[in-house]
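Hi,

Here is the structure I promised to pass on to you. Have a look at it first, and then read on for what turned up when I went through it.

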Amino acid sequence: MAVVTLEKLTKFYDRGPLPAADAVSLEVQHGEFMVLLGPSGCGKTTTLRMIAGLESISSGTLSIDGRVVNHVPAKDRDIAMVFQSYALYPHMSVADNLAFGLRRRSIDRAEIGRRVAAVADTLGLTGLLQRKPHALSGGQRQRVALGRAIVRDPKVFLFDEPLSNLDASLRVSTRGEISKLHRRLGATMIYVTHDQVEAMTLGQRICIMNGGRVVQVGPPLEVYKRPLNTFVASFLGNPPMNLLPARVAEGKGRLSVKLGGELLELKQRQYSALPAGAAITLGIRPESIAAHASAGARERLAGVEAEIVQIESLGAETILAARIPGIESELVARVGPEVGASVGERRSLWLDLSAIHLFDATGALITADVGASPA
Amino acid sequence: MAALKRAVLLLLLSLYTAFAAGPFVWAAMLSLRTTTEIHRNHFAPPNPAHWDKFAEAWFTSNYGVYFTNSTQVVVSAVLLLTLVGSMAAHCLARYRFRFNRVIYFVLFSTIIFPPQITIISLFQILVQYGLYNSKLGLTLVYVAIQLPLTIYILESFFARIPSDLFDAARIDGYSDWEIFWRVSLPIALPAVATTVILNFILLWNEFLYAVVLITEEANRTLPLGIQRFIGDTQEDVGMIATGLMIAIIPVVVVYAFFSERLIQGMTAGAVK
C-alpha cells in the first residue's frame, strides 16, 4: 500500500503547444481505489503513464509514500500496470508471462513457482499455465494480465482501461472481480476509464478530467449529485443531466428562475450573489423529473408544461424527451414503466426543486448561501 | 461437382509442381551422368548412376574448398546481417529520435544503386584496406549490400509489435537491451527467419561481387567454382550439374528448416 501524490503534474509533448496533462494535482490514499475518468484525449492515460514512469514529467512533482519519484525508472517504483491491450508476451506461456517480472527481481525459483501457482489458483488459471496467449479467450487473457500485476505484489496497481476490449457481459463480471481483488488485497489502485459505469461502481473516489485538467474529485455519489460544473454534470449519468438555459427572475434573496415561460421558485435556497436578469443554466437529472405528482408532493415540485416528443420504453423504466415552449434543448425524464404518455401530448412534468443545480455563464456551479439548505 | 473441382485443382497443382521441380529433377539426373552420356541423350535417366562424381567433384575438382568458402562467407554474413539488421530495425521502429526517418530513408535508398555502379569503388576500398581477395572482405561487402533490405523487412515487422509490450517489460524491470533480446527478437522470429532465408539464398548464389573481389583459387566461392567448368569452347556439363547439386543442397536444407517460420512471417502480421 502506498500514498501517491501528484502535485501540478504537467506533460508537454514535442508535437503540440498545449499540455496533455495540465497541472494535475491529486492525492491517492493508502489502499484507495481512485478512478481517473474523462473523455478521450482528456489526459487521464498520460497522467497514469507519468505515474508508471513510462512518460517523463515536464513539470510538477510525483511522490509515492513521500518519496519524489520524478526521475526514478519505472522498474524501481514498485508499481504494476494492467494495459488495455493486456500486453501479454505472445511468445511466452501463461506461466512465463506471470513469472517474467519476478525473474528480474532476484527471487529464487521455488518462490517464483509458488507465487505463480498461488495467483493462477486465485484467478482460475491453473489449467492454462502452459498455454500461449493466442490460445486464450479475451477474458482469460485479461485474467493473466491481472495475474501478472498481482504476482508482483506491488505498492500501487495501475489500470489503463483494462475492460474496454471485453464484451458487455464479461465486462460486468470482470468489474466485479477487480472490485473483489481490491477488497482482498487492500492495495492502492489507480484506474483509468472513459466508462462512467466502471467509474461509479469501482471507484472509492473519482477524479474527473477534461482538457488535461482535473475538473472534480470526490466519491462517486457526491460527484454525481453535486457536479461542480456543466462538464461533469453532462459527462456523468445516462441520460446525462438536463442543462437548460434560464434567467434569474428576481433580485437577491429567495430566488425564482424563469425557464421558458415558467417561473420556478427555489424556496429552500438563497443565492445572494445572483443579480436579477442574469443568464444561468439550470441543471436537473432525468430521474429528478416525474410524470405524475400527488397533491402532497407538489409542495416540493414545480410543474412545467411540455410537449412529449419521444418515448423510449426500456421495460423497467421509460425515457421521455419533451420540449418546453421557448427552449430549444429537450428535457429528458426518466420515469416509471407505466407512464401513460403519448408522443405529441402536452402535459405537466414535475421537477424536483431540491434537485435543481444552477450554473453560471462559465458553466461553474453557483453555490447557495452558507446556512441555506443544500441541494 | 466437388470431385471435379478437386481434380482440376490437383491437375493444376501437378502442372505447377512439374514446372517448379522439373529443372531441379533434370539437374539432379544430369549430376549422376557423365558429360559423354549427356551429349548422347540429354534427357535419359542416370543408368548407371555415377555417384562417384560427387566424390570426384568434392575432392578432385576442388568443390570441397569452394563449398567451405561459401559456407564461411555466407553464414558469417547472414549472422552479422541478422544481428545488425534486427538491432537497427528494432531501434528505428521502437525509438523516437531526431532524424529517425532520415536515417531510415538514407539506408533504404541505397538499394536503388545497381551493383555495377558501386563495384569499382568497393574494389578500390577493399584493396586499400587489404581486404581484396579475402573472405572477410567479401563477407563485409555482402553485409553492406543486404543490410538495407534486411532492415526494411524487419523494421516493418518490429513496428507492428505493440508498444504496450515494451512498456510492460520496462515495468517488469527489464532494460532496453534485455527487452530487445527477450521480447522484440523472439516475437519477430518469423520475420527474422524470412530475412535469413532471403539473405542466405541470395548470397549463396551471388556471383558478381565474388567474381570481381575474389581471384585466388583458395578463396573462391561455389558460384565461381561452377563457372570454372564453363570453358570458351567446351563445357563439362556433367561436372557443372554435380557442382550445382552440391550448391543447391544447403539452400534446400535452410529453406526446409526455416520455411514454416517464413510462412508465419508472411501471413501472421498480427501480434496477439
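**Chain B as a whole**

Along its sequence, chain B runs α-α-α-α-α-α-α-α-α-α-α-α-α. That is 13 helices and zero strands. Please keep in mind that this is a predicted model.

The C-alpha atoms of chain B fit a box of roughly 70 × 70 × 30 Å along the principal axes. Of the 272 residues in chain B, 34% are buried. If you take the contacts in chain B between residues at least 6 apart in sequence, 78% of them link residues at least 24 apart.

**A helix pair in chain B**

One pair you may like to look at is helix α4 (residues 63-94) and helix α10 (residues 189-204), both of chain B. Their axes come within 10 Å and cross at roughly 145°, and the crossing of α4(B) with α10(B) is right-handed. The angle between the axes and the distance between them are how two packed helices are described.

Which residues of α4(B) and α10(B) make the contact? On the α4(B) side they are Ser70(B), Val74(B), Ala77(B), Val78(B), Leu81(B), Thr82(B), Gly85(B) and Ser86(B). From α10(B) come Val192(B), Thr195(B), Val196(B), Asn199(B), Phe200(B), Leu203(B) and Trp204(B). Sorted by class, this contact between α4(B) and α10(B) has nine nonpolar residues, six polar ones and no charged ones.

**Where the two chains meet**

The contact between the chains involves 19 residues from chain A and 15 residues from chain B. On the chain B side, α8 (163-171) and α9 (176-187) each supply at least two residues. The largest share of that side, six residues, belongs to α8(B). By class, the chain B residues that touch chain A are nine nonpolar, one polar and five charged.

**One residue in chain A**

Finally, a stop at Val119(A), which sits in helix α3 (residues 109-123) of chain A. Is Val119(A) buried or exposed? Val119(A) has 23 C-beta neighbours inside 10 Å, and a residue needs 20 or more to be buried, so Val119(A) counts as buried.

Apart from neighbours within four places in sequence, Val119(A) is in contact with Leu98(A), Gly147(A), Ile150(A) and Val151(A). Of these partners, Gly147(A) lies 28 residues away from Val119(A) along the chain, yet their C-alpha atoms are separated by 6.0 Å.

Happy browsing, and write back whenever you like.

Best wishes

Terms used:
Residues are numbered from 1 along each chain as its sequence is written. Chains are lettered from A and ligands numbered from 1 in the order in which they are written. This is a predicted model: local features need pLDDT of at least 70, side-chain atom pairs count only at pLDDT 80 or more; totals for chains, interfaces and linings use all residues. Helices (H or I, at least four residues) and strands (E, at least two) are DSSP runs, numbered from the N terminus. A residue is buried if 20 or more other C-beta atoms lie within 10 Å of its own, exposed if 12 or fewer, and partly exposed in between; C-beta atoms are placed from the backbone. Two residues are in contact if their C-beta atoms, placed from the backbone, lie within 7 Å. Ala, Val, Leu, Ile, Met, Phe, Trp, Tyr, Cys and Pro count as nonpolar, Asp, Glu, Lys and Arg as charged, and the others, Gly among them, as polar. Axes are lines fitted to C-alpha atoms, for helices over the stretch in contact, and angles run from 0 to 180 degrees between N-to-C directions. A crossing is left-handed if the near helix is turned anticlockwise from the far one by less than a right angle, and right-handed if clockwise.
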